[in-house]
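Me: Got a minute to go through a model with me? I'll paste it below and fire off questions as they come.

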Amino acid sequence: MTDNTAAGPDQFDGAASGRPAPKTETADSGPMLAADGRPLKASLNRALRRQKLRAMMLIAPLLIFVLVTFIAPIADMLFRSVENQIVSETLPRTTTELATWDGDAGEIPPPVVFEALYKDIFIAQERKLHTRLGSRLNYELTGVSSLFRKSGRNVDDMGEVYQDQFEDLNAFWEDGENWNRMMATPDWLDDITAWSEDREGSQPPFEMREEVAAVLPETAATFQTFADFVQFEDEDNLANEDPWAIVYSALYEDLQSGADVASLSGPGATELQEAAAAVAGFESVDYTAAFHDVDEDWHDIEVWQTIQTYSPDFTSGYFLNAVDMKKSPDGPEMRPENEQLHIMLFMRTLFMSLVITGSCILLGYPVAWILANLPARTANLLMILVLLPFWTSLLVRTSAWKVMLQQQGVVNDTLVWLGIVADDSRLALINNQTGTIIAMTHILLPFMILPLYSVMKTIPPSYLRAAKSLGATNWTAFWRVYFPQSVPGIGAGSILVFILSIGYYITPEIVGGTTGTFISNRIAYHISSSLNWGLAAALGAILLAVVLGLYWAYDKIVGIDNVKLGG
Amino acid sequence: MKLTKTLLATTALTVAAGMVSAETEMADEMTIVSWGGAYSNSQQQAYHNPYMEMTGVNIINDESSAEAVAKLRAMNEAGNITWDVVDVTAADSIRLCDEGLAMEIDFDEDLAAAPDGTSASDDFGDTIINDCAIPLIVFSTTFGYRTDMVGDTPPTTVCDVFDTEAYPGKRSLEKRPIGNMEWALLCDGVAKDEIYDVLETPEGQEQALAKLDTIKDDVIWWSAGADTPQLLADGEVVMGSTYNGRLFSVIEEQNQPVEMLWDGQMFDLDVFIIPAGLPEDRKARALDYVRFASDTQRLADQAKYISYGPARASSAPLVSTHAELGIDMAPHMPTDPANATNVFNFNYEFWADYRDDIDAKFQAWLAQ
């Protein structure tokens, strides 16, 4: 296959008609038509499209499989690196109210924010989401975790002030049934009574009385939240539940702001009017002070700035953290020196992967050369030795290196016995970078040898002999003739080894100590231990980008066509 | 309906008469997750076998506790929880409870009272650390040392770990701040009851790291519980921290020249949690199981197989001898008065708050 034969068919295009006409002539006479009169190009495209479609259908099962099991999970995981809905979902009222607050003024947010916070935390603790948000924000500011846990425990008492006063005023307010009668449409009341008796089908969703919703908007909204929660999250019968304390707070608010309860009729109307007259004399709750009583950190501006900074649905915070920076009210800034970790680990990972790739080439090249030049029988025997590590568990191999390399281990014992090192200055070969490089070189060596071997197998020995017969020295013959032909094997092996080693974490974890661990160990820690999946995803995304970038650079410099895994 | 009836009938047949109330339907198979090794074996002997015998339930063991937190979150997100009861450490249980991944327990309602009628919550006492965790055993992270490598004066206090002149050689510490920071401050002259106050401040954290810096070159950092026992057995380290049960097996079962240093031991708990969001029948089964497994006798039985102290006060007098070695187990318990003269009570709340922050600093310090 050479390039000049490829032009062949074109040249003899018109040979069938016996008239080898020059191309320019046909190009001038309009579009070429197919037998059915359509333009040839369109007809050809159609035929090709059908063929392509058929090919697509053949590979569709694999494509769908890869999409569902490989691409989608990775995309989902990477998406977590920017996702941040939890704050605005758990504290919807607070984040809205907080949007206009200016933290730089040095003052805590206005009372309306604390009131919103009370409602949000009350609902969140009913749904058991407040501690989850606490651990999320604790990644950004130490102490928020216990702040939310504590507040969740105490928030119940805060609103009971209003509930108690309503209940003292009239026993009507104590009963959830009265509330239902007041808030719900008569139709729904009938439905729920019927449902409560036989419990067939699903619970009829709560329906609000429109006139109540118009007069008491806050109460209606809060009651609706309560009803939804009871019916669909707790799956309890709403007919048997008493409303939350925040419903009473909302009612107080509505009545305080002068709701026109006189216009209401139906159940609860008289009690509402009585309450409306009484609320002026109610003891009110100062939420700002109440939260301060729970924990004085609620009056710490830094806490509020953190909530405000992380209010948006998407955040760059994880990515900033992944490059040792952090969000601050004045924009991104570097973390203090004693918390900088990730950039150094990225550099170390790249550097050590390069060293490991290099040592794999150095060790693998001669082995592959011997394998390729031995008679098949011996080569196959030796090949088993190369493949043997493949069949051994990774953990076993790594643990074996531990026994070999430790200070009281086989290597050191031998060196001491030979008198090369003194007994009291045994070499530190493990729990550091040396350990990681040795163990990983051993583990990844087959990935270098196999592509090298299969490429070398195809280099005819006669080339070397020809070079030598033309007067080349051994070295020149190797360097000028043999080596260039084996480069595609080196390329393939290097890419395999480098990319595999960049993502390794078990071996560095076991033999790497503190100086021989990779960025992947940190990713594993955040996935399995700290549960900071956002940061893990950001670190992973950067690692993926680096690998793709290097691959691109390799393609530009060496050319990806210049890589051969065999033949 | 027919299927449930058949199921019920089969359950009723296999279940020993009168053992299970017929009120709630319970699953007849459950998956229990634990740590594996000697610890899982002790649970198998003390909890699983008698329970299976009593109820006919099939218990499947899964040894994934080390990754339990991440896996439970993944299962929760996928909406397919395959575990019924999970054994985790106290710190992990706080995280799971906070994340809403573990079910909340009503201790007096769901757990058995002590034989003398003391309520479960009183019997467990301080070992109850959050609303989700059912305490099982008290273990401690403490130091062991090679008796043949310390000369004539074996170490007596935890601060000897920081004395590289008197005790040259490597020591092994866990590759995380928890525990190490406390010991460092204690040995840097901070009073025991002030340690967490000091550790709250950036200066205190610096101080602890500075103290650890004095032995940094002599430390091998471990991340698996089996590391220190192996390092001690090979003579790689002169002393090292690990779980007391691991040291027990090095000393008593493998007869290595190793001795315990109980001073400054750090109490920790292992607990059961039930994943949140189980279907009703499996939840009922899981609750029934933990009520059985965490009762006074079962916790005391477990101590026959491993040297961890039962979390119930009422179990302590029932602790007997080792099932195979026949030695008295009480002196090997971290909670034994002779061993517990100088004990650290691990502050879970503190670490729940400061873990992310201090861990970042600790790892940055380690990597330097």
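What follows is a quick back-and-forth about this predicted model.

Me: Let's begin with chain A. What is its count of helices and strands?
Reply: Chain A has 28 helices and two strands.

Me: Is chain A spread out or compact?
Reply: Spread out. Its radius of gyration is 37 Å, well over the 24 Å from the globule rule for 567 residues, so chain A is more spread out than a compact globule. The C-alpha trace spans about 115 × 95 × 55 Å along its principal axes.

Me: And how much of chain A is buried?
Reply: 34% of its 567 residues. As for contacts in chain A with a separation of 6 or more, 68% of them are between residues 24 or more positions apart.

Me: How is chain A divided into domains?
Reply: Domain 1 covers 39–79, domain 2 covers 92–308 and domain 3 covers 344–562. The C-alpha centres of domain 1 and domain 3 of chain A are separated by 36 Å.

Me: OK, switching to packing. Which residues have the most contacts inside the largest nonpolar core?
Reply: That core has 156 residues, and the ones with the most contacts inside it are Leu444(A), Val85(B), Val86(B), Leu96(B), Val271(B), Ile273(B) and Val290(B). Helix α23 of chain A, residues 433–456, gives the core its largest share, 14 residues.

Me: What does Leu444(A) touch, leaving aside its neighbours within four places in sequence?
Reply: Ile356(A), Cys360(A), Val497(A), Leu500(A) and Ser501(A).

Me: What other core is there?
Reply: Another one, of 59 residues, lies apart from the largest core. Phe206(A), Val230(A), Trp244(A) and Val261(A) are among its residues.

Me: Now the contact between the chains. How many residues does each one put in?
Reply: Chain A puts in 31 residues and chain B 27 residues. On the chain A side, the elements giving two or more residues are α8 (130–138), α9 (144–169), α19 (342–373) and α27 (519–528). The largest share there, five residues, comes from α8(A).

Me: What's the chain A side like by class?
Reply: It has seven nonpolar, 19 polar and five charged residues.

Me: Moving to chain B: why is helix α4 described as largely enclosed?
Reply: Because eight of the nine residues of α4(B), residues 90–98, are buried, the helix is largely enclosed by the rest of the structure. The buried ones are Ala90(B), Asp92(B), Ser93(B), Ile94(B), Arg95(B), Leu96(B), Cys97(B) and Asp98(B). Leu96(B) also appears among the residues with the most contacts inside the largest nonpolar core.

Me: What covers those buried residues of α4(B)?
Reply: The cover includes α8 and α9 from chain A, along with α3 (68–78), β3 (85–89), β8 (258–273) and α14 (348–367) from chain B.

Me: Which residue just after α4(B) takes a positive phi?
Reply: Gly100(B), with a phi of about 70°.

Me: Last topic, the domains of chain B. How is that chain divided?
Reply: Domain 1 is 2–132 + 274–318, and domain 2 is 143–267 + 346–367. Their C-alpha centres lie 32 Å apart. Where the two domains touch, nine residues come from domain 1 of chain B and seven residues from domain 2 of chain B.

Me: Which element gives the most on the domain 1 side?
Reply: α4(B), with three residues. Both α2 (37–55) and α4 of chain B supply at least two residues to that side. By class, the domain 1 side has eight nonpolar, one polar and no charged residues.

How values were computed: Residues are numbered from 1 along each chain as its sequence is written. Chains are lettered from A and ligands numbered from 1 in the order in which they are written. This is a predicted model: local features need pLDDT of at least 70, side-chain atom pairs count only at pLDDT 80 or more; totals for chains, interfaces and linings use all residues. Domain bounds come from an automatic or database domain assignment. A nonpolar core is a set of buried Ala, Val, Leu, Ile, Met, Phe, Trp, Tyr and Cys residues joined through C-beta atoms within 7 Å. A residue is buried if 20 or more other C-beta atoms lie within 10 Å of its own, exposed if 12 or fewer, and partly exposed in between; C-beta atoms are placed from the backbone. Helices (H or I, at least four residues) and strands (E, at least two) are DSSP runs, numbered from the N terminus. Ala, Val, Leu, Ile, Met, Phe, Trp, Tyr, Cys and Pro count as nonpolar, Asp, Glu, Lys and Arg as charged, and the others, Gly among them, as polar. The radius of gyration is taken over C-alpha atoms; the globule rule is 2.2 Å times the number of residues to the power 0.38.
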